[in-house]
Amino acid sequence: MRFERYIARAVPATAVGLLVLAAVGGCQAAHVSQPPLTAQIAPTPAAGNASSAQIEFWHALGARPLTSNDDALHGLLLYFDGKDDATDYAARVEALKARKWLPAGFKEPADQAVRRGTVAEALCRALKFKGGVTMRLLGPTPRYALRELEYRGLLPDSSPNQGFSGAEFVGVMGKVEDLRTGNPADVPADTLPEEVRVARGGAADLLAPRISVIPFDAADLAEDDRVDPA
């Protein structure tokens, strides 16, 4: 099922949520008081991977004032894999560490508000963004990964320690989807949107007929020879 269907009904963060979010940019990490959506909607992988559960997850996340680590990692797996087979938060952390989307030393608790730098690093690695000279030398650390996403218009200027409202996290994933799918005007009129999406690395709609996958070179997204500003 296309990602746009998951986020079509996501609601914006409330004013109270944005005030809470502003505090996350400080030194003290905020914790999400609400139970993780994974516990409510995805108590088991089979339950959470159902199309209806995925739609419910993105919709409910969009209404939350803060996004927790647990829900953010669940969202990343759902988006890139079309499913999340992890049985709990610890398993999600290990799954992303195995892909090197999270640093080996990542130990933040499930209920802590996810940091923008954490999400930026995971996205840069998942999308194989090379970045500028500094990021190529040091790797996609939270600081330089965030700068890379800002450069590409996926995030506004912000701090690596700042959190996300639910609507902001869903919005970022929507921009990632737009980037991977490309401008519809550049695609032949007889090409189905689902064909373009799968060709560019997206998960196929399990409810749609099988389609042929067009080869896609990730370097088209990753190549960038600019020099980082001083």
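Where does Lys128 lie? Lys128 is located in the loop between H8 and helix H9 (133–138); this residue is taken up again in the last legend.

**Figure 1. Overall view of the predicted model, with 13 helices and zero strands.** The model is predicted, so that local features require pLDDT of at least 70 and side-chain atom pairs are counted only at pLDDT 80 or more, whereas totals for chains, interfaces and linings use all residues. Residues are numbered from 1 along each chain as its sequence is written, and side-chain values use heavy atoms, with hydrogens and water left out. Helices (H or I, at least four residues) and strands (E, at least two) are DSSP runs, numbered from the N terminus. The order of elements from the N terminus is α-α-α-α-α-α-α-α-α-α-α-α-α. Of the 230 residues, 46% are buried (under 20% relative accessible area; exposed is over 50% and partly exposed in between, with a 1.4 Å probe and protein chains only). Among the contacts (heavy atoms within 4.5 Å) with a separation of 6 or more, 66% are between residues 24 or more positions apart. The protein exposes about 11300 Å², of which carbon and sulfur atoms supply 58%; accessible areas come from the Shrake-Rupley method with a 1.4 Å probe, and for residues only the protein chains shown count as cover.

**Figure 2. Close-up of aromatic pairs and the cluster of Phe57, Trp58, Phe164 and Phe169.** The whole structure contains five aromatic pairs (rings of Phe, Tyr and Trp, the latter by its six-membered ring, with centres within 6.5 Å; planes under 30 degrees apart are stacked, over 60 edge-to-face and the rest tilted). One of them joins Phe57 and Trp58 edge-to-face, at 5.2 Å centre to centre and 70 degrees between the planes. Phe57 counts as buried because its relative accessibility is 1%, and Trp58 counts as buried because its value is 0%. Tyr79 and Phe80 also form an edge-to-face pair, with 4.8 Å centre to centre and 80 degrees between the planes. Both Tyr79 and Phe80 are buried.

**Figure 3. Arginine charges over the rings of Phe164 and Phe129.** A charge sits over a ring if NZ of Lys or CZ of Arg is within 6 Å of the ring centre and within 35 degrees of the ring normal. Arg116 lies over the face of Phe164, 4.9 Å from the ring centre; Phe164 also belongs to the aromatic cluster with Phe57, Trp58 and Phe169. The charged end of Arg152 is placed over the ring of Phe129, at 3.8 Å from its centre.

**Figure 4. Close-up of helix H7 (89–98) and its buried side.** The buried residues in H7 are Tyr89, Arg92, Val93, Leu96 and Lys97. They lie on the same side of H7 because they cover an arc of only 135 degrees around the axis (the arc of the directions from the helix axis to the C-beta atoms). An α-helix has 3.6 residues a turn, so residues three or four places apart point the same way. Cover for the buried residues of H7 includes helix H3 (37–41) and helix H6 (69–81). Asp70 is found in H6 and counts as buried because its relative accessible area is 5%. Leaving aside residues up to four places away in sequence, Asp70 touches Pro36, Thr38, Tyr89, Arg92 and Ala110. Asp88 caps the N-terminal end of H7, with a side-chain oxygen 3.4 Å from the backbone nitrogen of Ala90.

**Figure 5. Close-up of the loop between H7 and H8 (116–126), including Gln112.** Trp101 is also found in this loop and counts as buried because its relative accessible area is 9%. Not counting residues up to four places away in sequence, Trp101 touches Phe80, Leu96, Glu121, Ala122, Arg125 and Ala126. The C-alpha atoms of Trp101 and Val119, 18 residues apart along the chain, are separated by 8.9 Å. Gln112 counts as buried because its relative accessibility is 6%. The side chains of Gln112 and Glu108 are joined by a polar contact of 3.1 Å (a pair of N or O atoms within 3.5 Å; within protein, one must be able to donate a hydrogen and the other to accept it, and residues adjacent in sequence count only if both atoms are side-chain atoms).

**Figure 6. Close-up of the positive phi values of Lys100 and Lys128.** Lys100, just after H7, takes a positive phi of about 70 degrees, although Lys100 is not a glycine. Lys100 counts as exposed because its relative accessibility is 56%. Lys128 has a positive phi near 60 degrees and is likewise a residue other than glycine. Lys128 counts as exposed because its relative accessibility is 53%.
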